[in-house]
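User: Please take a close look at a single part of the structure shown below, and describe where it sits and what surrounds it. One connected account would suit me better than a list.

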Amino acid sequence: KMTSLEAIFRTQEIDHVDLLKLDIEGAEYPSILSSPPDVLRRVRTICMEYHPMYADELCSKEPLFAHMAAAGMVCTFDRPDGGGYGLAHFHMQENP
């Protein structure tokens with residue numbers, strides 16, 4: 001079963017999260033890309049592993065990183081491991 005970040009914040013009545021760690025084997029794309037900017041702004045830091053998703057050209061790190069940047073997150077670490085895999089850290093700007 002999957003749920004969205006938006007639903008977690010709403011149903012658990014969570015105001016903000018200091019650290020969100022994502023190691024979800026390709027599900028980082030639907031998880032992050034379906035999260036509205038106002039939801040992402042409630043997360044201070046995201047540490048994640050990203051994976052290549054060949055079935056859909058939208059599933060590369062570029063649209064994922066762009067979506068997070070549009071919400072005000074800054075990539076402070078990106079280590080591509082080759083073949084579309086990598087690790088990245090994002091931090092919310094103080095005033096996005």
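Analyst: Helices (H or I, at least four residues) and strands (E, at least two) are here DSSP runs, numbered from the N terminus, and contact means heavy atoms within 4.5 Å. The model is a predicted one, in which local features need pLDDT of at least 70 and side-chain atom pairs count only at pLDDT 80 or more, while totals for chains, interfaces and linings use all residues. Residues are numbered from 1 along each chain as its sequence is written, and side-chain values use heavy atoms, with hydrogens and water left out.

The part I have chosen is helix 4, which covers residues 61-70 and includes histidine 67. As a setting for helix 4, the chain has four helices and four strands, and these follow one another along the sequence in the pattern α-β-α-α-β-α-β-β. The C-alpha trace of the chain spans about 40 × 30 × 20 Å along its principal axes. Of the contacts in the chain with a separation of 6 or more, 64% are between residues 24 or more positions apart.

The buried side of the helix comes next. A residue counts as buried under 20% relative accessible area, as exposed over 50%, and as partly exposed in between (1.4 Å probe, protein chains only); 35% of the 96 residues of the chain count as buried. In helix 4 the buried residues are Lys61, Leu64, Phe65, His67 and Met68. Seen down the axis of helix 4, these buried residues fall within an arc of 160°, so they line one face of the helix, the arc being that of the directions from the helix axis to the C-beta atoms. An α-helix has 3.6 residues a turn, so residues three or four places apart point the same way. The face of helix 4 turned away from its buried side carries the exposed residues Glu62 and Ala70. The cover over the buried residues of helix 4 includes helix 2 (28-33), helix 3 (37-40), strand 2, strand 3 (73-82) and strand 4.

Part of this environment is aromatic. Rings of Phe, Tyr and Trp (its six-membered ring) pair if their centres lie within 6.5 Å, and planes under 30 degrees apart count as stacked, over 60 as edge-to-face and the rest as tilted. The structure holds two aromatic pairs. In one of them, tyrosine 50 and phenylalanine 65 meet edge-to-face, at 5.6 Å centre to centre and with 90° between the planes. Tyrosine 50 belongs to strand 2 (residues 43-50) and phenylalanine 65 to helix 4, so this pair ties together parts that are 15 residues apart in sequence. Tyrosine 50 is buried at 2% relative accessibility, and phenylalanine 65 is likewise buried, at 13% relative accessibility. Phenylalanine 65 also pairs with phenylalanine 90, and here the ring centres are 4.9 Å apart and the planes lie at 85°, so the pair is edge-to-face. Since phenylalanine 65 lies in helix 4 and phenylalanine 90 in strand 4 (residues 85-92), the pair ties together parts that are 25 residues apart in sequence. Tyr50, Phe65 and Phe90 thus form one aromatic cluster.

Histidine 67 in helix 4 has surroundings of another kind. Leaving aside its neighbours within four places in sequence, histidine 67 is in contact with Ile32, Leu33, Ser35 and Leu40. A polar atom of the histidine 67 side chain lies 3.2 Å from the backbone oxygen of isoleucine 32; a polar contact is a pair of N or O atoms within 3.5 Å in which, within protein, one must be able to donate a hydrogen and the other to accept it, and residues adjacent in sequence count only if both atoms are side-chain atoms. Among the partners of histidine 67 is serine 35, a residue of the loop between helix 2 and helix 3. Serine 35 is buried, with a relative accessible area of 2%, and beyond its neighbours within four places in sequence serine 35 is in contact with Leu5, Leu40 and His67. As for glutamine 93, its C-alpha atom is separated by 14 Å from that of histidine 67, with the two positions 26 residues apart along the chain.

Finally, past the end of the helix, glycine 72 follows helix 4 and has a positive phi, near 105°.
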